[in-house]
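Me: Please take me through parts of this structure by question and answer.

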Amino acid sequence: MGKTGKNLNIDFVISTGDNFYDDGITSPYDCQFQDSFTNIYTAPSLQKPWYNVLGNHDYRGNVDAQLSPILKDLDCRWVCLRSYVVNADIVDIFFIDTTPFVDKYFDEPKDHVYDWSGVLPRNKYLNNLLADLDVSFHESVAKWKVVVGHHTIKSAGHHGITKELEKQLLPILEANEVDMYINGHDHCLEHISSINSGIQFMTSGGGSKAWKGDVNEWNPQEMRFYYDGQGFMSVYLSEAELRVDFYDGYGRVLHRWNTYKKGIYTDI
């Protein structure tokens, strides 16, 4: 990542959630923040802002700790809110808190304890989140709209389709002509094109643990790329072009996809 970041002269980094395993962090002074973030991403090219979303594993810890401004004092790169928008001139990036959408975390938590402070009452929280997102889309004048959430909407990986997001979030993304949805959760690299809209679904969940061979069948008209190993992705944007590269852990390009506002695309 460090070498690729240097070659691309990146502006910032995005984390797709599950920032700390297995159960988030306990406080802003939890040693995991240093051990799993500050002391890991030490390359000079990665000393840029890191925009994070919360994953389900983060909700098993102290959520307020990850949202605390103390973390930014400890490492100035750290940016983490529940849901927020980053305005980057030609692109608006909408970060969505997807964990509260998933029913099983409430109905069947098993042995896990989730920190729902700030989320309850759940229906009000989700309704406000979706309403605010819709308003933000309408107010956006950026050339490109990119959405980042932890959970999958479309995926052939272990977790597959998140039904709650497919029902509640996807229609809003389609109605507002979002260009790309980026998620983690499934431990793979993946690119699915929607046949019903122009949305590209990108899974970047190979930053640590990878699930070899854990893949399900998917419509070949939509499946453009699937890799069950470790890796990461990069995004390049200009006023006319959006380009995505997927890399393995050695920084080798496995898949490249680009599109233009006219809707022309190529892939390798």
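What follows covers a sheet and a helix.

The model is predicted: local features need pLDDT of at least 70, side-chain atom pairs count only at pLDDT 80 or more, and totals for chains, interfaces and linings use all residues. Residues are numbered from 1 along each chain as its sequence is written, and side-chain values use heavy atoms, with hydrogens and water left out.

Me: Which strands stand at the edges of the open sheet of three strands?
Reply: Strands are DSSP runs of E with at least two residues, numbered from the N terminus, and two strands pair if DSSP finds at least two bridges between them. The sheet has the order 1-2-3, with parallel pairing. Each edge strand has a single partner strand, so one side is left without a neighbour in the sheet; these are strand 1 (13-15) and strand 3 (78-80).

Me: Which residue in strand 2 stands opposite Val13?
Reply: Strand 1 and strand 2 (residues 50-52) pair in the parallel sense over three bridges. Opposite Val13 stands Trp50.

Me: How many degrees of arc do the buried residues of helix 6 cover around the axis?
Reply: Buried means under 20% relative accessible area (1.4 Å probe, protein chains only). The buried residues of helix 6 are Arg122, Tyr125, Leu126, Leu129, Leu130, Leu133 and Phe137. They lie on the same side of helix 6, because their arc, taken from the directions from the helix axis to the C-beta atoms, is only 125 degrees.

Methods. Helices (H or I, at least four residues) and strands (E, at least two) are DSSP runs, numbered from the N terminus. Buried means under 20% relative accessible area, exposed over 50%, partly exposed in between (1.4 Å probe, protein chains only).
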